[in-house]
Amino acid sequence: MDGDKGNNGGEGVAAFRHRHDGWTPARQVAFLRALRETGCVKAACRHVGLTTTSAYRVRRRIPAFGEAWDQALVFVAPVLERAAMERAVTGWLEPIVYKGEVVAHRRRYSDAMLRMLLLREDARKVAPPPRARDERREAAAALLKQLRAQARRGGTPEPV
C-alpha cells in the first residue's frame, strides 16, 4: 500500500511512509529509551525533537509501538513510585525566607502523591494476569528488534 493509512498485513505495524523529520524507526527507539529512563512522554518527545500529539498518534497507529510504550512505563514505574512515596511520607524541607534570608525550614508532605499511590495500589489488585504481561513484553521486544533492524537498513517496516 502506498497510502498513509491501512495495514500491510503484518501484526502491529501500520503501513505509512516515514518522513526523514518524523517518527523514523531510529527516533521511535530513541523515544522508547528516553521514556524508559524518564517516565515522561513530554521529556521523551523533547529528546527526539517531536511533539506529544504526534507521539500519541503514532501510538494509536502502531499497536506494537503502543505496547512497547506501555512496557517502558512499566519499567520506570518503581523508580517513580519510590520518589512519590518519599514526597508523600518522608516529605521535603522547604526553606522559610524572611527579609531575603533563610531563617528556618519546615517539612512539607504531598497529600496528592499519597492519594495517587493509594489509587495505584487499588488498581494493582485488578492487574492483568502474568501471561498477558509476558505477551506484551515479548511484543515490545519484537518491535524494538524490528525498529533497530529497520533503522540500520533505512527501509520500510516488515511484519512483526
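User: Is C40 buried, partly exposed or exposed in this predicted model?
Analyst: Partly exposed means falling between the 20% and 50% cut-offs of relative accessible area. C40 has a relative accessible area of 32%. That makes C40 partly exposed.

User: And C45, buried or exposed?
Analyst: The cut-off for buried is under 20% relative accessible area. C45 has 1% relative accessibility. C45 therefore counts as buried.

User: How many disulfides does the structure hold?
Analyst: A disulfide needs two cysteine sulfur atoms within 2.5 Å. For C40, the closest cysteine sulfur is in C45, 8.6 Å away, which is too far for a bond. C45 is in no disulfide either; its nearest cysteine sulfur is that of C40. The number of disulfides is 0.

User: Which residues of helix α2 are buried, and why do they lie on the same side?
Analyst: Helix α2 covers residues 41–48, and C45 is one of its buried residues. The buried residues span an arc of only 100° around the axis, so they sit on the same side of α2. The buried residues are V41, A44, C45 and V48.

User: What do the buried residues of α2 pack against?
Analyst: Their partners are other helices. One is α1, residues 25–38. The others are α3 (52–61) and α4 (63–90).

User: Which exposed residues does the face of α2 turned away from its buried side carry?
Analyst: The buried side holds V41, A44, C45 and V48. The face turned away from it carries exposed K42, R46 and H47.

User: What phi does G49 take?
Analyst: G49 comes just after α2. Its phi is positive, at about 75°.

Terms used: Residues numbered from 1 in each chain as written. Predicted model: local features only at pLDDT ≥ 70, side-chain atom pairs only at ≥ 80, totals over all residues. Heavy atoms only, no water. Buried < 20%, exposed > 50% of the residue type's maximum accessible area, 1.4 Å probe, protein only. Helix = DSSP H or I, 4+ residues; strand = E, 2+ residues; numbered from the N terminus. Arc of directions from axis to C-beta. Contact = heavy atoms within 4.5 Å.
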